[in-house]
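Here is a briefing on one structure, covering its strands, its core and its surface.

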Amino acid sequence: MKKTLIALGLMAAGMAAAPAFAQDANGAGWFVNGSAGRAQVNKGNYDGHDVAYDVNGGYRWAVSPWASLGVEAGYNDLGNIHAKRIFDGGNAIDSRKSSLHGWTAGVNGHFNIDPHWYVSGRAGLYGWKGDGVSHDDITRHNFDKTSWYAGAGVGYDFNRNWSLGVNYDHYDAKKDGLNLSTNVASVSAEYRF
């Protein structure tokens, strides 16, 4: 938690300095985005998929006419997956599903490869909460931890304000024998102010 607060403080300080930088590159300035897609877990007792969504906001500074780098913070819900029995793949005795959701704080980049098409990247801290059963213990546990996330994407800038993209992200979520680390393939929409 302490690391998350430090990261959020640094991000806020960076946002306060935002007006001092140019905003002429595509992707630069204040932004908000959201995505929805498929979350896939294939770790330990969990092997399945569900719907995932996230919302983010932040600021990017133009570092060249074709590139902007920035900071972001957001929230995600990565779905619920049934635990599987190891010997036959059926649902485990615990009929409740796992859950994984959390807050993100990190850095991102928006790199135009022509006036409309771009590639993007992101990485940072992931403060997650989850619950489920581990290999060693059939008792259900609730966990929380600060870990990491990273992802990449490609998309299309319709104009200075709107873009649509596809992304692939990984959210690390492991603690005490429970591994809910999740990969997400999603479609995102972004609005820049």
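**Strand pairing and nonpolar residues**

L164 is the bridge partner of Y156 in β7. The model is predicted: local features need pLDDT of at least 70 and side-chain atom pairs pLDDT 80 or more, while totals for chains, interfaces and linings use all residues. Residues are numbered from 1 along each chain as its sequence is written, and side-chain values use heavy atoms, without hydrogens and water.

Barrel
- Eight strands (DSSP runs of E, at least two residues, numbered from the N terminus) close into a barrel, ordered β1-β2-β3-β4-β5-β6-β7-β10, with antiparallel pairing.
- From one strand to the next, the twist averages 25° (axes are lines fitted to C-alpha atoms, with angles from 0 to 180 degrees between N-to-C directions).
- Nine bridges join β6 and β7 in the antiparallel sense; strands pair if DSSP finds at least two bridges between them.

Core
- The largest nonpolar core (buried Ala, Val, Leu, Ile, Met, Phe, Trp, Tyr and Cys joined through side-chain atoms within 4.5 Å) has 16 residues, and L78, L100 and Y126 have the most contacts inside it.
- Two or more residues of this core come from each of β1 (29-43), β2 (46-64), β5 and β6 (141-157).

Surface
- W162 lies in strand β7.
- W162 counts as partly exposed because its relative accessibility is 43%; buried means under 20%, exposed over 50%, and partly exposed in between (1.4 Å probe, protein chains only).

Methods
Helix = DSSP H or I, 4+ residues; strand = E, 2+ residues; numbered from the N terminus.
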